[in-house]
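Please open the structure in your viewer and keep the sequence panel visible beside it. The stops below suggest what to select next and say what is to be found there.

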Amino acid sequence: MYQFFAVKAIHRFVAVTLFLFSGADTILAAELTIEEAGRLALKDDYTLQAISSRSQSMSELSVAAESLPDPKLKLGFANLPTDTFNLGQEPMTQAVIGVQQMFPRGHTRALKSERINESIARNDAEAEDRRLQILLAVREEYTRVYLHQERQNILEQSLVVFSDLAEITRDYYSNGRAHQQDVVQAQLELSKVEERLARIQQQEEEARARLAERIGADAYRELTPLWP
């Protein structure tokens, strides 16, 4: 029975170590809720960040597409003598100053801006789809961790009962009040509970590892005891 409590102690030690290396301010961090797990996953998802940056860039392009091209300032001289470059040598020498502005034909600007806005809409839909996929994956793993913990609590209580039963049966057998088959059966039932508890502990660690892929070391914090 004590080996399972030792395994849980090792898991908690790993969680503390991860917090220390991740720069946590305190080991006694607040309990992790399913809402916080979702926020952490969204915040750290580089793909979602890239999609958001692309949308922002395209929004700026859409504004630029509707604007007229920047005007061009023209400066120059007419009839400038190239032998002396003296501005007062010839009476026909003139300074030329002008502004040039291009006007695209038809509805070019509006159509270009509309195409960019369509791309922005598709990009936003992709971002929303990505966001929902992340939340779904995080909530599934969080719920699995929660369920495995609840199963462990039940099995640990059963483990105490079957351990006592096995001990009582051995005492009865030593006093001639029980058969050897009873001792074997009690030990077999105890072994079944131990095996199931070990299997569920492993499943919890696997679920936490998958959750850690999304939110890092926060996946090893204690979960809130309330059902999400």
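## A buried arginine and its partners

Select Arg221 and Asp218 to begin, and show their side chains, which meet in a salt bridge with an N to O distance of 2.9 Å. The model you are looking at is a predicted one, and the distances quoted on this tour are computed from it. Arg221 is placed in the segment after helix H5, the helix that covers residues 180-215. Is Arg221 buried or exposed? Its relative accessibility is 7%, and because buried means under 20% relative accessible area, Arg221 counts as buried.

Now add Glu36 to the selection, since Glu36, Asp218 and Arg221 are linked in a network of salt bridges. Side chains of opposite charge can pair when their charged atoms come close. Keep Arg221 in view and bring in Glu31 as well, showing its backbone this time, for the side chain of Arg221 reaches the backbone oxygen of Glu31 at 3.5 Å.

## Along helix H2

Next, select residues 34-43, which form helix H2, and colour Ile34, Ala37, Gly38, Leu40 and Ala41, which are buried. If you turn the view to look down the axis of H2, these buried residues fall within an arc of 165 degrees, so they line one face of the helix. Which exposed residues does the face turned away from the buried side of H2 carry? They are Glu35, Arg39 and Lys43, and a second colour for these three will set the two faces apart in your view.

## Past the end of H2

Stay with Lys43 and add Asp44, with which Lys43 forms a salt bridge whose closest N and O atoms are 3.0 Å apart. Asp44 is partly exposed, with a relative accessible area of 34%.

Then move on to Asp45 and select Arg130 together with it, as the side chains of these two residues meet in a salt bridge at 2.7 Å, N to O. Arg130 lies in helix H4 (residues 108-174), while Asp45 lies in the loop between H2 and helix H3 (46-66), so the pair ties together parts that are 85 residues apart in sequence. As for their surroundings, Asp45 counts as buried at 10% relative accessibility, whereas Arg130, at 24%, counts as partly exposed.

## A nonpolar patch on the strands

For the next stop, show the surface and select Leu73, Leu75, Ile97 and Val99, which make a nonpolar surface patch of about 500 Å². Strand S1 (72-78) and strand S2 (94-100) each supply at least two residues of this patch. Leu75, which you can pick out in strand S1, is exposed, with a relative accessible area of 65%.

## Stepping back

Finally, clear the selection and show the protein chain as a cartoon, where the secondary structure comes to 5 helices and 2 strands. Followed along the sequence, these elements give the pattern α-α-α-β-β-α-α. Of the 228 residues in the protein chain, 28% are buried, and the chain exposes about 15,700 Å², with carbon and sulfur atoms supplying 56% of that area. Among contacts between residues at least 6 apart in sequence, 75% join residues at least 24 apart. The count of salt bridges comes to 9, and those visited on this tour include the pair of Arg221 and Asp218 and the pair of Arg130 and Asp45.

Note on methods:
Residues numbered from 1 in each chain as written. Predicted model: local features only at pLDDT ≥ 70, side-chain atom pairs only at ≥ 80, totals over all residues. Heavy atoms only, no water. Buried < 20%, exposed > 50% of the residue type's maximum accessible area, 1.4 Å probe, protein only. Helix = DSSP H or I, 4+ residues; strand = E, 2+ residues; numbered from the N terminus. Arc of directions from axis to C-beta. Patch = residues over 30% accessible without salt bridge, like charges linked within 9 Å, V, L, I, M, F, W, Y side chains within 5 Å. Areas by Shrake-Rupley, 256 points an atom, 1.4 Å probe, with all protein chains shown as cover. Salt bridge = Lys/Arg side-chain N within 4 Å of Asp/Glu carboxyl O. Polar contact = N/O pair within 3.5 Å; in protein donor to acceptor, adjacent residues only side chain to side chain. Contact = heavy atoms within 4.5 Å.
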